[in-house]
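Work through the exercises below with the sequence and the model side by side, and try each task before reading its solution.

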Amino acid sequence: MKDVVIIGGGIVGCAIAMELSKYKVNTVVLEKNAEVGMEATKANSGIVHAGFDCALGSLKARFNVRGNQLFDQLAKDLSIPFRKNGAFVLAFSENDENRLQEIFDRGVANGVPHLEILKKEQILKMEPYLSQEVAYALHAPTSGITFGYEATLAFGELAALNGVDFHFETKVCGIAKIENGYEVKTNNGSFTSRVVINAAGTYSDEISNLINEKKYKIRPRKGEYLLLDTTAKYIVDKTVFQLPSKMGKGILVAPTFHDNILVGPSANDIEDKEDKSTDIETLQNNIKTARISIPEIPVHMVITSFSGLRATEATASDFVVEETHPGFINTVGINSPGLTAAPAIGEYIRDIVTERLQPDPNPDFIKNREGIKFLKGLSLDEQNALIKTNSKYGNIVCRCESITEGEVSAAINRPIGAKTMDGVKFRSRAGTGRCQGGFCTLKVLEILSKELEIDVSRITKFGKNSFILKYEGSQ
C-alpha cells in the first residue's frame, strides 16, 4: 500500500508531490497524459500574480499572496525562469478611478506590498506604447512572469529525485474506500493508498464525484491567445491588464519570460473538456480589445495562436481545497491564479497529510534542481567550452530559438524526461519560434527515436494516437 496517491500531474499535483517528498512518504503521481503539465498548465499566461484582485478572505487570496512570496526562492533553488516585471491595471476615465481604488484597497487588505496608483505622465514614462487615453493605473511591482511548464517540470523533477513515482498514460476510472485507505482503479491496474489527493484540474469534478456525495461540476472556461514573435517585445515590459470583469482579468498584453508577447485570453464557458480549438472571431476580438491598452499591436508579428481551459467550478467562486473524507483531499476549481498559488497549495496539503500520517522528515531530501543548460545566452567562450564537453551542443536543431541537439537530448534524458514531441518542445523550446517547427520537427523526431530506441513511426505529438509519421507497414 502506498502512503499517498496524487491524481494529476499538472502544476498543482507536482507542487504537492514536491512538498511531500520532503518527508518519508511513499508517494505516487498518476497522470493520464504522456507528460506532466499537458492540460491547463501548458496553456496559460505564465504570470505570477501579485494578488490584488482576489476576494478578501478567500483561499485564492491566501494562496496567491503566499505563492507569490515563495517564487523568488523557488526560482533560485530549482532553476525556474522568473522575473518581477510588475503589472499595470489601466483605467481610461475619471469614472474608473474609484474602481481602481477599490482594487488597490483590496490588494492592501490581502497583504500585497508596494501597490501604488499612478497618473498618466508616470504611466507613459514607464510604458510609452500604452494608449494616450490612459488616465490612471494600479502598479503592482511584485507581479512577475515565469514559464509555467518549466515550473511544473521543476516541481515534478525534484519530487522524482526525492523518490516520488510518476505513472503516465494512467487514467483513473474508479475509487473505492477500503480498510485504512482507498483503492484507486486505473487503466493500468489498481493502486491502494492511505491518502488520495485529487489534483485533476479540469477533470477534478469527475474524480471528486467518484467518492463524494457532494457533486461538483467543472465548466471549462476557454481562453484563446495570440503569441507574437520576439521582435515585438519592444511594445511592453509590464503585464498590462484592463479593469477586470466577473469573467476574469480580461484581455491582457504581456511579455513572456522568453521575450514573446501574449495577447489574451478570451473567456468563454464551454462544455467540452477537450475543446482546445481557436476561432478567428475570438482572436480578432482579442486584438480589438487589446488595442484599447496598446493601440499599435503589430498583428503581422503573430506566430501562432492557442487556447487553454481554466477549471472553473459552476457554483464556487473560490478554490475548493478540502479533506472531504479522512484521507481524501480535493483540489477543485483551481483556475487563475492557480499557477501562482500552486506552491502555497502544496504547502497547505503537505501539512494536512503530515498531520494525518505523522511521517519523519526525509533526511536525504535534495533541495536543488539544475535546469537544462542552454547554449543560447552564453558567451562565445562559454559556448565553445560547452561544445568541447558535449559535441551535441555544436549541432543546431531549432534555428529560430538556437536550440541544439544537446538541449533536446537533455530534455529526453532528465528525470521524468520527454517521450513526445510536445514534451521536447516545452522542455527545450525547440519548435516554439517563428517557423513553429517547420525546420526542426524531423530533426527532433530523429533524436527522440535514437534516444528512446524506438522507430520514428512510434513517436507521437502528445501521446495516445497522435503519431507524427505513418508509412506502409507501421502499426
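A contact here means heavy atoms within 4.5 Å. The model is a predicted one, in which local features need pLDDT of at least 70 and side-chain atom pairs count only at pLDDT 80 or more, while totals for chains, interfaces and linings use all residues. Residues are numbered from 1 along each chain as its sequence is written, and side-chain values use heavy atoms, with hydrogens and water left out.

**Exercise 1.** Determine what share of the contacts between residues at least 6 apart in sequence joins residues at least 24 apart.

Solution. Taking the contacts in the protein between residues at least 6 apart in sequence, one finds that 72% join residues at least 24 apart. As a second step, consider the extent of the fold: the C-alpha trace spans about 60 × 55 × 45 Å along its principal axes.

**Exercise 2.** Count the disulfides, a disulfide being a pair of cysteine sulfur atoms within 2.5 Å.

Solution. Applying this cut-off gives 0 disulfides. For C398, the nearest cysteine sulfur belongs to C440 and lies 4.4 Å away, so that C398 is in no disulfide by the 2.5 Å limit. C435 is likewise in no disulfide, the nearest cysteine sulfur, that of C400, being 3.8 Å away.

**Exercise 3.** Classify C398, C435 and L442 as buried (under 20% relative accessible area), exposed (over 50%) or partly exposed (in between), with a 1.4 Å probe and protein chains only.

Solution. C398 has a relative accessible area of 3% and is buried, whereas C435, at 35%, is partly exposed. L442, which is found in helix α12 (residues 441-452), reaches 52% and counts as exposed.

Technical notes:
Helices (H or I, at least four residues) and strands (E, at least two) are DSSP runs, numbered from the N terminus.
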